[in-house]
Amino acid sequence: MKSLRLDKLVSQVTDLSRAEVKRAARQGRISVNGEVVEDPAQKVLESDDVALDGDSLQEPGPRYFMLNKPLGYVCATKDSEHPTVLDLIDEPNKQKLHIAGRLDIDTTGLVLITDDGQWSHRITSPRHHCEKTYYALLAEGIDDSAIEKFAKGIWLNNEKKRTKPAKLEILYRNEVRITISEGRYHQVKRMFAALDNRVLELHRERVGDIVLDEDLPEGEYRALTSEEISGMNAGSDTGSQES
């Protein structure tokens, strides 16, 4: 069974730096299997019960969150120029989290964040065709003829084949809801550009079977329910990636 230094293990499952862990150990705040350990270099097993201030530090299971992304945030773990969606997350060890399906800086709505690589692969892999639904506000009005064009697939500039069939619902003259099942670069915006129109606002409402919680304020997040998590597992072949 794998063993590692006590200070390394504690820093991996908390927000403490290695130096802070060493200080906590010297203060008698860390125990292993019920015994206080003051040597931060002591080797421990992953199965050992390590506690800080009496609280067990067992590695948490996979985590799954939905975030209502606001404008101005990028879907990246780090960015030198803009705040990232992870800046909105207040969770321990959040450097292990990643974004399952990115949105542009000027696109709002549903973002899924997890540390489960296999689960996020079902969402982002083109092979699984995970459906994503967006609300779009357009610069110009659009008529019913666009519905059939989207259903047949759109020729995008510099692309060698049409997009996969997409569902277009016209809500009002220049307000639409569109569902796509692939994730080409800036796909939604380019599809409307191909029809000589322009997207002014884009908001993601749904990814696979997960719908953005109407009660979730912009910039806030919550844990996914077990039904939402398992629904993506079950529906991975019906459901992709974009912005």
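Start with the whole chain shown as a surface: about 13,000 Å² of it is exposed, and carbon and sulfur atoms supply 47% of that area (Shrake-Rupley method, 1.4 Å probe; for residues, only the protein chains shown count as cover). This is a predicted model, in which local features need pLDDT of at least 70, side-chain atom pairs count only at pLDDT 80 or more, and totals for chains, interfaces and linings use all residues. Residues are numbered from 1 along each chain as its sequence is written, and side-chain values use heavy atoms, with hydrogens and water left out.

Now switch to the C-alpha trace. Along its principal axes it spans about 75 × 35 × 35 Å. The radius of gyration of the chain is 23 Å, whereas a compact globule of 243 residues would have one near 18 Å (taken over C-alpha atoms; the globule rule is 2.2 Å times the number of residues to the power 0.38). Of the 243 residues, 46% count as buried (under 20% relative accessible area, with exposed meaning over 50% and partly exposed in between; 1.4 Å probe, protein chains only).

Change to a cartoon. The chain has 6 helices and 15 strands (DSSP runs numbered from the N terminus: helices are H or I of at least four residues, strands are E of at least two).

Select residues 132-138, which make up strand 10. Because 7 of its 7 residues are buried, strand 10 is largely enclosed by the rest of the structure. Show the side chains: Lys132, Tyr134, Ala136 and Leu138 point one way, while Thr133, Tyr135 and Leu137 point the other way.

Add residues 175-180, strand 12, which runs antiparallel to strand 10 and is joined to it by 6 bridges (two strands pair if DSSP finds at least two bridges between them). Here alanine 136 has valine 176 as its bridge partner. Then add residues 199-207, strand 13, which pairs with strand 10 in the antiparallel sense over 7 bridges. Leucine 137 stands opposite glutamate 201 in strand 13.

Next, go to the open sheet of 4 strands, which has the order 3-2-5-6 and antiparallel pairing. Its edge strands, each pairing on one side only, are strand 3 (35-36) and strand 6 (55-56). Select residues 30-32 for strand 2, which pairs with strand 3 over 2 bridges. Valine 32 has glutamate 35 as its bridge partner in strand 3.

Last, select the cysteines. The disulfide count is 0 (a disulfide is a pair of cysteine sulfur atoms within 2.5 Å). For cysteine 75 the nearest cysteine sulfur, that of cysteine 130, is 15 Å away. Cysteine 75 is buried at 6% relative accessible area, and cysteine 130 is buried at 1%.
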